[in-house]
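Thank you all for making the time this morning. I would like to walk you through one structure, piece by piece, and I will begin with a question once you have it on the screen.

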Amino acid sequence: MILSGKGFSQIIEKLAAILEAPVILLNERLDIMAATHKMDKDGFFEVYWFIHEKNHAEDTQTYQQCTLPQSNTTNPYRTFFLYPIHSANQQKGFLVVLGNLSPDAKGLQILALEQAANVISFELMKMLAIEQLRDSSKMIFL
């Protein structure tokens, strides 16, 4: 998809279709880079703040299933998955899968999640290389 010019949004939409769950791509500052259209924004708001606090309080370098605190049982995304995206030995963001994965296909869904994270990581490295090349060419012409 990346090689044919598709962006992060289409990768996220395709992953969401495979996982049958809403997916969000966050950068390292937790800004939303892409998100599926079919998502309860109010439900994600609480998840977002949970991720924000978790990211500052502990190591979020590995894939993990998270559960919101018991105080809110009405959130449709009470359980969600947080998958870090690494690029050049640095964390570059997260894939967030809202809701539960299918127990029957969980292994295949995790594999799809890993593959999407790899593709996104390569695209982020490509974008960084282009930016560095652009910056170095500006220095040459100055």
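Which residue in β4 does Q64 stand opposite? Before I answer, please keep in mind that what you are looking at is a predicted model. The residue in question is L82, which stands opposite Q64 in β4.

Let me place that pair in its surroundings. Q64 belongs to strand β3, which covers residues 64–67, and this strand is joined by four bridges to strand β4, residues 79–87, with the two running antiparallel. Strand β3 also has two distinct faces: Q64 and C66 lie on the covered one, while Q65 and T67 lie on the uncovered one. That fits a general pattern, in that the side chains of a regular strand alternate between the two faces of the sheet.

Now let us step back to the sheet as a whole. Five strands make up an open sheet, and if you read across it the order is β2-β1-β5-β4-β3, with antiparallel pairing. The edges are formed by β2, residues 32–35, and by β3, each of which pairs on one side only. On average, and ignoring direction, neighbouring strands of this sheet are turned by 25° against each other. Further along the order, strand β1, residues 23–27, is joined to strand β5, residues 90–98, by five bridges, and these two strands also run antiparallel. Within that pairing, V23 has V97 in β5 as its bridge partner.

From the sheet I turn to the helices, starting with α1, which spans residues 8–19. Its twelve residues reach 16 Å from the first C-alpha to the last, close to the 16 Å expected at 1.5 Å a residue. The buried residues of this helix are F8, I11, I12, L15, A16 and L19. Because they cover an arc of only 135° around the axis, these residues sit on the same side of α1. After the helix comes E20, and its phi is positive, near 55°.

Finally, I would like to show you one residue in helix α3, which runs over residues 106–141, namely S121. Is S121 buried or exposed? S121 is buried, because its relative accessible area is 7%, and the cut-off for calling a residue buried is under 20%. Leaving aside residues up to four places away in sequence, S121 touches I85, H86 and S87. With H86 there is a polar contact as well, since the side chain of S121 reaches the backbone oxygen of H86 at 2.5 Å.

Notes. Residues numbered from 1 in each chain as written. Predicted model: local features only at pLDDT ≥ 70, side-chain atom pairs only at ≥ 80, totals over all residues. Heavy atoms only, no water. Buried < 20%, exposed > 50% of the residue type's maximum accessible area, 1.4 Å probe, protein only. Polar contact = N/O pair within 3.5 Å; in protein donor to acceptor, adjacent residues only side chain to side chain. Contact = heavy atoms within 4.5 Å. Pairing = 2+ DSSP bridges. Axes fitted to C-alpha atoms, helices over the stretch in contact; angles between N-to-C directions. Expected span 1.5 Å × (residues − 1). Arc of directions from axis to C-beta.
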